[in-house]
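Work through the following exercises with the sequence and the 3D view side by side. Try each task yourself before you read its solution.

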Amino acid sequence: MEDTPDRHRRLLLSAGLAGLGALALPKLSLAEPPRSRLVLLGTAGGPTPKALRAAPSGALIVDGLVYVIDCGNGVARQLALAGIALDKIANVFITHQHSDHTADYGNLLWLAWAGSLAHPVDTWGPPPLSRMTRLFLEMNDADIRTRIADEGRPPLAPLIRPHELTHAGPVMHDARVKVTAALIQHPPVAPAFAYRFDCPDRSIVFSGDTRPSASLVELARGADVLVHEVMYLPALDKILAAESQAARLREHLLASHTTTEQVGRIATEAGVKTLVLNHFVPGGDPSLTDDIWRNAVAKHYKGRIVVGRDLMEL
């Protein structure tokens, strides 16, 4: 016999229990599917391509619409590998102006348009986002004009609507998500942002690149998921050995990023339910197992820890 809420209500009515109302109805096992999907597209840190992990990018899919966070090299292909349709992109968010987060900003939208993207996409991020958009369209004008004439595609320029952010606070709010930004510290790049997405079923925060920042802790307060960059100090010497400017790079990494210990403390202070490690530095060393990353953070955070991987869905 079919087990439905209506059948349960009829049984209650026949037993004279209707006065108990909806609270008396037994909970059914027919849970609604989650409205949001979180996909880690690329989890490496730094601008140089790596065999182990793709460049930084993530996707949040809510009711079928796609919100892209950062556009590292190869983001369009990572979306394809994840089975996410490019023509479902609704918004793109850039955390800061570093090439590992912006290298394929224009390419993503250009390639989506070369497929079947025909609706406007709003893009959000720090200056010079508008100038970047304009110059990208100018640089690729020959191809764009050819495809409009030869393939009947709509003009691309009106489909990309950049919005430059300079301050913390509300970013956008549609029928599915509310997005809030916090100014974080990632010297020498400024402004740099972390984003919080309040979805119908959960809240998800992306740290962007940052050193420990009180503003990020407040943004992530009580969040269901915090996706946070992470750096493993004991492995730095190995990657620095191949750098001609090792001293300057070490100085930048220590001043601008967050160690495993600090990540754990941030997640604890913010009271997040799940901590997802992302933007790994170093991100190309296969000797750094998931257990090494997890154990280094778990000393300082007792909640659920997820060691991110490319194309992982949560």
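**Exercise 1. A serine and its partners**

With which side chain does the side chain of S36 make a polar contact of 2.8 Å?

Solution. Some ground rules come first: this is a predicted model, in which local features need pLDDT of at least 70 and side-chain atom pairs count only at pLDDT 80 or more, while totals for chains, interfaces and linings use all residues. Residues are numbered from 1 along each chain as its sequence is written, and side-chain values use heavy atoms, with hydrogens and water left out.

Step 1. Find S36 in strand β1, which covers residues 36-42; helices (H or I, at least four residues) and strands (E, at least two) are DSSP runs, numbered from the N terminus.

Step 2. The partner at 2.8 Å is the side chain of R202. A polar contact is a pair of N or O atoms within 3.5 Å; within protein, one must be able to donate a hydrogen and the other to accept it, and residues adjacent in sequence count only if both atoms are side-chain atoms.

Step 3. The side chain of D201 also makes a polar contact with that of S36, at 2.9 Å.

Step 4. Leaving aside residues up to four places away in sequence, S36 touches L60, I61, V62, C199, D201 and R202, where contact means heavy atoms within 4.5 Å.

Step 5. S36 has a relative accessible area of 2%, and therefore counts as buried; the classes are buried under 20% relative accessible area, exposed over 50% and partly exposed in between, with a 1.4 Å probe and protein chains only.

**Exercise 2. Salt bridges across the chain**

Describe the salt bridges of R35 and of D122, and state where the residues of each pair lie.

Solution. A salt bridge is a side-chain nitrogen of Lys or Arg within 4 Å of a carboxyl oxygen of Asp or Glu, and the structure holds 13 of them.

Step 1. R35 pairs with D63, and their closest N and O atoms are 2.4 Å apart. This pair links distant parts of the chain, since R35 is in the loop between α1 (5-14) and β1, D63 is in the loop between β2 (57-62) and β3 (65-69), and the two are 28 residues apart.

Step 2. R35 is partly exposed, at 38% relative accessibility, and D63 is partly exposed as well, at 37%.

Step 3. D122 and R161 meet through their side chains at 3.0 Å, N to O. Here too distant parts of the chain are linked, with D122 in strand β5 (residues 121-125), R161 in strand β6 (residues 160-164), and their positions 39 residues apart.

Step 4. D122 is buried, at a relative accessible area of 15%, whereas R161 is partly exposed, at 39%.

**Exercise 3. The sheet that holds β1**

Give the strand order of the sheet that contains β1, and name the helices that lie on β5 and β6.

Solution. Step 1. The order is β6-β5-β4-β3-β2-β1-β14, in an open sheet of seven strands with mixed pairing; two strands pair if DSSP finds at least two bridges between them.

Step 2. At the edges stand β6 and β14 (312-313), each of which pairs on one side only.

Step 3. The pairing of β5 with β6 is parallel and runs over five bridges, and within it T123 stands opposite P162.

Step 4. Helix α4 (residues 105-115) packs on this sheet and touches β3, β4 (89-93), β5 and β6, its direction making about 170° with that of β4. Axes are lines fitted to C-alpha atoms, for helices over the stretch in contact, and angles run from 0 to 180 degrees between N-to-C directions.

Step 5. Helix α5 (residues 129-139) lies across β5 and β6, at about 150° to β6.

**Exercise 4. The buried side of α11**

Which residues of helix α11 (residues 290-298) are buried, and what do they pack against?

Solution. Step 1. The buried residues are W293, A296 and V297. They lie on the same side of α11, because they cover an arc of only 95° around the axis, an arc taken from the directions from the helix axis to the C-beta atoms.

Step 2. They pack against β11 (225-231), α10 (260-270), β12 (274-281) and β13 (304-307).

Step 3. As a whole, α11 lies across β11, β12 and β13, running at about 145° to β13.
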